[in-house]
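Biologist: I am new to reading protein models, and I would like a close look at one part: the cysteines and the packed interior around them. Could you walk me through it slowly?

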Amino acid sequence: MSLIQTSDDLAAFRERLRGERFIAVDTEFMREKTYWPQLCLVQVAGSEDAVCIDPLADDLDLEPLKDLMRDTSVLKVFHAARQDLEIFHQMLGELPRPLFDTQIAAMVCGFGEQVGYETLAGKLAKARVDKTMRFTDWARRPLSQKHLIYALSDVTHLRVVYEKLAAMLSANGRAGWLDQEMQALTNPASYETDPQQAWRRMKLRGKSQRFLAAVIELAAWREHEAQARDLPRQRVLRDEALLDIAAQNPETVEALAQVRSMSRGQAEGRHGREILDALERGRARPIADLPKPPAREDLPHGLGPIIDLLKVLLKMKCEAAGVAQKLVASSADLERIAADDEADVPALDGWRRELFGDAALALKHGRLALAVSEDGRRVEPLDVEVADDDGGTAG
């Protein structure tokens with residue numbers, strides 16, 4: 001089993017992949033105890049060659065791997081790529097391109113929502129993937145032959161899965177649908193961590209602007225601290241404690257020590273001083289400069305039946321087209337469409353609008369009806385003639 005642990009072997013492998021049309025890629029990493037994911041293994045498969053690359057090896061320069069990931073002439077195939085892309089974005093300062101995510105492609109091709117790799121490998125590659133080692137400590141060395149066989153199975157079958165899905169997309173004319181999804185997945189902003197935006201992850205329970213200012217500054221401080229110490233943010237300060245401190249907004253060490261989620265030792269230490277400094281920055285922020293917290297939309301009364309009808313239409317359209325419902329519209333999207341014809345949701349744009357959005361608006365305004373088929377086995381759409389102002393009808 002090929003395990004690359006030296007720079008010369010990695011450079012030679014890179015050369016063997018020159019001219020490949022696509023490669024299959026996967027990673028193994030750990031992040032339970034760290035802020036940044038700790039890359040432990042990279043699996044790469046070309047058309048005939050598949051290896052595991054050991055980034056923890058002492059005598060290994062990863063530059064050939066970085067060069068491969070930056071090579072825009074080679075398509076990089078991942079399954080459920082988001083966490084892998086986070087790692088490569090951190091490593092490269094950019095994202096690998098071009099990209100093909102088999103999980104998203106499978107959703108476009110009717111394999112259901114968030115279909116697993118094992119399912120696709122079984123259905124498309126006729127392979128059985130043993131996932132019993134998925135909770136392995138990949139940072140531990142040495143890796144056994146069994147570990148390497150398991151890791152490589154995540155890319156060897158992926159080659160076949162990709163080719164089958166690519167053929168399906170070509171046959172059903174949905175390659176453009178996937179291209180739109182890949183654009184969203186490869187947006188660098190999705191992988192950049194701005195501490196000043198860390199507050200947006202919080203579930204805010206108050207609407208006071210001063211409370212928000214305190215949360216923004218505390219969350220930014222925590223993010224900086226977590227990054228600097230390479231610790232999970234919850235290990236620095238738990239969400240509940242952060243919100244509790246922001247709500248009480250203490251101005252002195254003594255007052256901070258009275259907060260239920262803080263001990264006196266914490267309040268009197270470095271963290272306590274930095275927390276008080278963050279709170280002071282929050283109090284100094286002009287109210288006018290504060291961002292507005294996400295507002296919960298109150299839906300107009302009586303939309304429940306419309307939303308229910310839209311759910312039926314969505315299910316019907318997606319089953320007919322063989323595409324996962326989650327990829328087209330969420331429950332929140334349906335609520336917003338029911339309330340607003342111009343709602344800023346993906347379902348009213350691009351291929352989703354063609355598949356579902358236009359029909360959703362037609363149903364909402366009485367130009368489309370749903371009826372049970374004569375055999376009683378399915379729901380069918382029916383165009384409705386709507387009377388115009390002159391007493392005529394409009395289709």
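How many disulfides does the structure hold?

Modeller: Happy to help! This is a predicted model, in which local features need pLDDT of at least 70 and side-chain atom pairs count only at pLDDT 80 or more, while totals for chains, interfaces and linings use all residues. Residues are numbered from 1 along each chain as its sequence is written, and side-chain values use heavy atoms, with hydrogens and water left out.

The structure holds 0 disulfides, a disulfide being a pair of cysteine sulfur atoms within 2.5 Å. Take Cys-40: its nearest cysteine sulfur belongs to Cys-52 and is 12 Å away. Seen from the other side, the closest cysteine sulfur to that of Cys-52 is in Cys-40, and 12 Å is too far for a bond. Cys-40 counts as buried because its relative accessibility is 0%, and Cys-52 is buried with a relative accessible area of 0%. Here buried means under 20% relative accessible area, exposed over 50%, and partly exposed in between (1.4 Å probe, protein chains only).

Now for the interior. A nonpolar core is a set of buried Ala, Val, Leu, Ile, Met, Phe, Trp, Tyr and Cys residues joined through side-chain atoms within 4.5 Å. The largest one has 100 residues, and Ile-53, Leu-165 and Phe-356 have the most contacts inside it. Helix H6 (residues 145-172) gives this core its largest share, 10 residues; helices (H or I, at least four residues) and strands (E, at least two) are DSSP runs, numbered from the N terminus. The core also draws at least three residues from each of domain 1 (3-190) and domain 3 (303-383), with domain bounds that come from an automatic or database domain assignment.

Let us zoom in on Phe-356. Leaving aside residues up to four places away in sequence, Phe-356 touches several residues, including Leu-310, Leu-313, Val-328 and Ile-337; contact means heavy atoms within 4.5 Å. There is also a second, separate core of 32 residues, and Trp-199, Ala-226, Ile-245 and Ala-246 are among them.

Finally, look at Glu-223, which is found in helix H8 (residues 209-229). Glu-223 is buried, with a relative accessible area of 1%. Not counting residues up to four places away in sequence, its contacts are Tyr-35, Pro-195, Ala-198, Arg-201 and Arg-233.
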